[in-house]
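Me: I am new to this structure. Could you show me how to read its features, one by one?

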Amino acid sequence: MATNDSAGGGAVLLAFVAGAIAGAAVALLFAAATGDETREYLGQRAREGREKVVDAARQFRTETEPEA
């Protein structure tokens with residue numbers, strides 16, 4: 001059973017990362033901002049994405065750790 005749970009968590013993380021990349025690409029294509037504003041926006045979104053990935057990885061590890 002743990003194998004199925006592990007695979008599901010990895011798929012969710014992969015889907016999240018793929019969605020974040022696609023969202024960033026769309027944001028760049030439709031951006032009506034200056035280069036500085038776009039860089040600031042992307043920097044902020046990258047920080048938020050990094051935080052979400054770290055949180056998701058932490059949650060994944062917690063859920064998949066064997067009980068002691």
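Here is a short dialogue that takes the features in turn.

Reply: Start with the ground rules. This is a predicted model, in which local features need pLDDT of at least 70, side-chain atom pairs count only at pLDDT 80 or more, and totals for chains, interfaces and linings use all residues. Residues are numbered from 1 along each chain as its sequence is written, and side-chain values use heavy atoms, with hydrogens and water left out.

Me: How many helices and strands does the chain have?

Reply: Helices (H or I, at least four residues) and strands (E, at least two) are DSSP runs, numbered from the N terminus. This chain has two helices and zero strands. Helix H1 covers residues 2–29. Helix H2 covers 35–64.

Me: What share of the residues counts as buried?

Reply: Buried means under 20% relative accessible area, exposed over 50%, and partly exposed in between (1.4 Å probe, protein chains only). Of the 68 residues here, 1% are buried.

Me: And what is the accessible surface of the chain?

Reply: Areas come from the Shrake-Rupley method with a 1.4 Å probe; for residues, only the protein chains shown count as cover. The chain comes to about 5700 Å². Carbon and sulfur atoms hold 62% of that.

Me: Which residues form a nonpolar patch on the surface?

Reply: A patch takes residues with over 30% relative accessible area and no salt bridge; nonpolar side chains (Val, Leu, Ile, Met, Phe, Trp, Tyr) are joined within 5 Å, like charges within 9 Å. Here the patch is Phe16, Val17 and Ile21, with about 240 Å² together. Ile21 sits in H1. Ile21 counts as exposed because its relative accessibility is 56%.

Me: Which residues lie nearest the centre of the largest pocket?

Reply: Pockets are sought on a 1 Å grid over the protein atoms alone: a pocket is an open set of points with protein on both sides within 12 Å along at least five of seven lines, and lining residues have an atom within 4 Å of a point. Ala20, Ala24, Arg45, Ala46 and Gly49 lie nearest the centre, out of 13 lining residues. The volume is about 270 Å³, meaning the space filled by probe spheres set on the points, which are joined across faces, edges and corners.

Me: Which helix gives the most to that lining, and what kinds of residue make it up?

Reply: H2 gives the most, with seven residues. H1 and H2 each supply at least two. For the kinds, Ala, Val, Leu, Ile, Met, Phe, Trp, Tyr, Cys and Pro count as nonpolar, Asp, Glu, Lys and Arg as charged, and the others, Gly among them, as polar. The lining divides into seven nonpolar, three polar and three charged.

Me: How many salt bridges are there?

Reply: Side chains of opposite charge can pair when their charged atoms come close. The cut-off is a side-chain nitrogen of Lys or Arg within 4 Å of a carboxyl oxygen of Asp or Glu. The whole structure has four. One of them joins Arg45 to Glu48, at 3.1 Å from N to O. Arg45 and Glu48 are three residues apart in H2, so about one helical turn separates them. Asp55 pairs with Arg58 at 3.2 Å, and both lie in H2, three residues apart. Arg47 and Glu40 form another, with the closest N and O atoms 3.9 Å apart.

Me: Is Glu40 buried or exposed?

Reply: Glu40 is exposed, at 51% relative accessible area. Its partner Arg47 is partly exposed, at 36%.

Technical notes
On a 1 Å grid over the protein atoms alone, a cavity is a set of points where a 1.4 Å probe fits but cannot get out, and a pocket is an open set with protein on both sides within 12 Å along at least five of seven lines; lining residues have an atom within 4 Å of a point.
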